[in-house]
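User: Hi! Could you walk me through this model, one question at a time?

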Amino acid sequence: MNYYINPSSLSGVFTVPNSVVDRYFKLSNPQHIKVLLYVLRNLSDDPEVVQLLWEILSAIVRPFVRWNKSAWFYSNTGNNGKGTLCELMRSLCGDGSFAVIPLSDFSKDFALEPLIHASAIIVDENDVGCYIDKAANLKSIITNETISINRKFKTPIAYQFWGMTVQCL
């Protein structure tokens, strides 16, 4: 189901300094910025958390930067905004520009092939109680090291992923 937020119905309390827009996003339409701020500010009351979310969103849309980090969102309860935030990140990346690879799939054959066409890994659902037996691929992907991708019915390739990884638990 798609939801639409009408920017004109939002209060005018959102002001965005040009330095924030220039630093994080190149959004030309002020209404888009207004909607983005509305979503981010409703995810947390803590300004430091909102700042961190801005930094994660900016990392998502800037591949080919060596972040050496991944973002992991965790909550004991549902209905907390993690899925909304992941949907926002996927929308910013664009269709076909992200991969959905749960933690349990990083050591499986053929599961890493979507990385070849992705600029980010964004997963909003992981199995509860999932134990990562083999974390070598996950660590290598986060630190932009070369991994071997086994492609079905094709020759395996060496590949270096240059995107941000976001996992929700």
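**Salt bridges, a pocket and a buried side chain**

Analyst: Happy to! This is a predicted model, and a good place to begin is helix α4, residues 82-93, where E87 and R90 sit three residues apart, about one turn of the helix.

User: How far apart, N to O, are the side chains of E87 and R90 in their salt bridge?

Analyst: Both residues belong to helix α4, with about one turn between them. A salt bridge here needs a Lys or Arg nitrogen within 4 Å of an Asp or Glu carboxyl oxygen. The side chains of E87 and R90 meet in such a pair, and the N to O distance is 3.3 Å.

User: Is R90 buried or exposed?

Analyst: The cut-off for buried is under 20% relative accessible area. Its partner E87, at 42%, counts as partly exposed. R90 has a relative accessible area of 12%, so R90 is buried.

User: Which parts does the pair of R90 and D124 tie together?

Analyst: The side chains of R90 and D124 form a salt bridge at 3.2 Å, N to O. The two positions are 34 residues apart in sequence, so the pair ties together helix α4, which holds R90, and the loop between β3 (120-123) and α5 (136-142), which holds D124.

User: Is D124 buried or partly exposed, and which residues do shared partners join into one network with it?

Analyst: D124 has 25% relative accessibility, so it counts as partly exposed. Salt bridges that share partners build one network, and its members are E87, R90 and D124.

User: How many salt bridges does the count come to?

Analyst: We have already met E87 with R90, and R90 with D124. K108 and D105 also pair, at 3.1 Å, N to O, and K108 is partly exposed with a relative accessible area of 47%. The count comes to three.

User: Let's turn to the second largest pocket. Which element gives the most to its lining?

Analyst: The second largest pocket holds about 490 Å³ of space. Its lining has 25 residues, with L52, L53, I56, A71 and F73 nearest the centre. The elements that supply two or more residues are α1 (18-24), α3 (47-60), β1 (71-73) and α4. With seven residues, the one that gives the most is α3.

User: How many residues of that lining are nonpolar?

Analyst: The lining of the second largest pocket comprises 25 residues. Five of these are charged and six are polar, while the nonpolar ones number 14.

User: Which backbone atoms does the side chain of N126 reach?

Analyst: N126 lies in the loop between β3 and α5, and at 11% relative accessibility it counts as buried. Leaving aside residues up to four places away in sequence, N126 touches P102, L103, Q167, C168 and L169. Two polar contacts involve its side chain: at 2.8 Å the backbone nitrogen of L103, and at 3.0 Å the backbone oxygen of C168.

User: To finish, what pattern does the protein chain follow along the sequence?

Analyst: Buried residues make up 37% of the 169 residues in the protein chain. Of the contacts between residues at least 6 apart in sequence, 63% join residues at least 24 apart. The protein chain has five helices and six strands, and their order along the sequence is α-α-α-β-α-β-β-α-β-β-β.

Note on methods:
Residues are numbered from 1 along each chain as its sequence is written. This is a predicted model: local features need pLDDT of at least 70, side-chain atom pairs count only at pLDDT 80 or more; totals for chains, interfaces and linings use all residues. Side-chain values use heavy atoms; hydrogens and water are left out. Helices (H or I, at least four residues) and strands (E, at least two) are DSSP runs, numbered from the N terminus. Buried means under 20% relative accessible area, exposed over 50%, partly exposed in between (1.4 Å probe, protein chains only). On a 1 Å grid over the protein atoms alone, a cavity is a set of points where a 1.4 Å probe fits but cannot get out, and a pocket is an open set with protein on both sides within 12 Å along at least five of seven lines; lining residues have an atom within 4 Å of a point. Grid points are joined across faces, edges and corners, and a volume is the space filled by probe spheres set on the points. Ala, Val, Leu, Ile, Met, Phe, Trp, Tyr, Cys and Pro count as nonpolar, Asp, Glu, Lys and Arg as charged, and the others, Gly among them, as polar. A polar contact is a pair of N or O atoms within 3.5 Å; within protein, one must be able to donate a hydrogen and the other to accept it, and residues adjacent in sequence count only if both atoms are side-chain atoms. Contact means heavy atoms within 4.5 Å.
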